[in-house]
Amino acid sequence: MTSDTTVLDASLAAARRVLRTEADAVAYMADNLPADFAPAIDKILETEGRVIVCGIGKSGHIGRKIAATLASTGTTSFFVHASEASHGDLGMVTRQDVVILISNSGETSELRDMVYHTQRFSIPMIAITSNPDSTLANAADFRLLLPKKPEACPIGKAPTTSTTLTLALGDALAVALMERRGFQADDFGIFHPGGKLGAQMRKVSDLMHTGDTMPVLDHDASMHDVLLTMTSKGFGIAVLVRDGRLFGVITDGDLRRNMDTLMQSTPSEIANRTPVTVPADYLAAEALALLNERKVSALLVLDQNDTPVGVLHMHDFLRAGVM
């Protein structure tokens, strides 16, 4: 037991040491951003083409993530593998693009052909490296120099701190560009239609039931018609309108509360005149939060003229994966 405890303690100590080493390096870089960071942002913003990210090995893995983050936040970007670039993929890079090359040492031989390509066609090149005197740094138009901080591995060789710094710098680039472009939640949703995130970025208009599927009646309809509509439409509500505009909503709860005198009452007498409503451009996740807050199972969608244009039930959010 003692031996097991000792091994566990050693593992936890190693984990804390790695995280603190990398965290300290990122904090240092936050206070000492590369001098070319802002000019690089300006160059990317004025670029008519794409941001091409290139690297190999661990730098290549980080480069793929940087390209993906840029693309999903409003900066058109893709990753080109350094070796594949030398075998035809250089054709993906045009004069209108800007290239980000990643190499911690700055002497990665596989990047040579990409460097020559940028020079030959006067394509702006941004280097991410920790070596200011390297071949890559000297060839770059913009140098994003990583601070020289120790790798977190015990032998100081495995890319750990350096890859974390590169990843963090890539995120900083993407977010700075995102803010400069005025990239908003609606834009983000366009590029993330799938999965849980995509579902939460969908709008009410994407999920609502419209047209003949809506339980809509005139405000002077009979109680019999209200009951028939609520049963046939299956939303648990009946929507009353007058001259096309919302008059009120009757729910299952309203029926139960007025059960004793229900058939002697008119729909307009028991209707809720201030039901839960949202506009069509409301985010589905926000609409769901409103349903939960008001403890109702359905809500009505209105246009700018207070005309009912859709209805949503709690089950719609479940089917769409918003919940």
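Asp243 counts as exposed, at 75% relative accessibility. The model it belongs to is predicted. This briefing starts with Asp243 and two other loop residues. It then turns to a parallel sheet of 5 strands and to helix α7 (residues 161–181), which packs against α3 and also against α2.

**Loop residues**

- Asp243 lies in the loop that links β7 (237–242) to β8 (245–251).
- Its phi is positive, about 55°, although Asp243 is not a glycine.
- Ser122 also has a positive phi, near 55°, and is likewise a residue other than glycine.
- The loop between α5 and β4 holds Ser122.
- Ser122 has a relative accessible area of 60%, so it is exposed; the cut-off for that class is over 50%.
- Gly49 sits in the loop between α2 (37–46) and β1.
- With 23% relative accessibility, Gly49 counts as partly exposed. That class lies between the buried limit of 20% and the exposed limit of 50%.
- Beyond its neighbours within four places in sequence, Gly49 is in contact with Gln96 and Asp97.
- Gly49 and Thr94 are 45 residues apart in sequence, yet their C-alpha atoms are 7.7 Å apart in space.

**The sheet**

- The 5 strands form an open sheet with parallel pairing, and their order is β2-β1-β3-β4-β5.
- β2 (77–81) and β5 (142–145) stand at the edges. Each has a single partner strand, so one side of each lacks a neighbour in the sheet.
- From one strand to the next, the twist averages 20°.
- Strand β1 (residues 51–55) pairs with strand β3 (residues 98–102) in the parallel sense, over 4 bridges.
- Within this pair, Ile52 stands opposite Val99 in β3.

**Helices on the sheet**

- α3 packs on the sheet and touches β1, β2 and β3. The direction of α3 makes about 160° with that of β2.
- Helix α5 (residues 112–120) packs on the sheet too, touching β1, β2, β3 and β4 (125–129). The direction of α5 makes about 155° with that of β3.

**α3 against α7**

- The axes of helix α3 (residues 58–72) and helix α7 come within 9 Å and cross at roughly 15°.
- That angle is under 35 degrees, so α3 and α7 are roughly parallel to each other.
- The crossing of α3 past α7 is right-handed.
- On the α3 side, the contact is made by Lys58, Ile62, Lys65, Ile66, Thr69 and Leu70.
- On the α7 side, Thr163, Thr166, Leu167, Gly170, Asp171, Ala174 and Leu177 take part.
- Sorted by class, this contact has 6 nonpolar, 4 polar and 3 charged residues.

**α2 against α7**

- α2 and α7 have axes 10 Å apart and pack at an angle of about 55°.
- They are therefore oblique to each other.
- This crossing of α2 and α7 is right-handed.
- α2 contributes Phe37, Ile41, Asp42, Ile44 and Leu45 to the contact.
- From α7 come Leu169, Ala172, Leu173, Ala176, Leu177, Arg180 and Arg181.
- By class, the contact of α2 with α7 has 9 nonpolar, no polar and 3 charged residues.
- Leu177 of α7 is listed in the contact with α3 and in the contact with α2.

Technical notes
Residues numbered from 1 in each chain as written. Predicted model: local features only at pLDDT ≥ 70, side-chain atom pairs only at ≥ 80, totals over all residues. Heavy atoms only, no water. Axes fitted to C-alpha atoms, helices over the stretch in contact; angles between N-to-C directions. Helix = DSSP H or I, 4+ residues; strand = E, 2+ residues; numbered from the N terminus. Parallel < 35°, antiparallel > 145°, perpendicular 65-115°, else oblique. Left-handed = near helix turned anticlockwise from the far one by under 90°. Contact = heavy atoms within 4.5 Å. Nonpolar A, V, L, I, M, F, W, Y, C, P; charged D, E, K, R; others polar. Pairing = 2+ DSSP bridges. Buried < 20%, exposed > 50% of the residue type's maximum accessible area, 1.4 Å probe, protein only.
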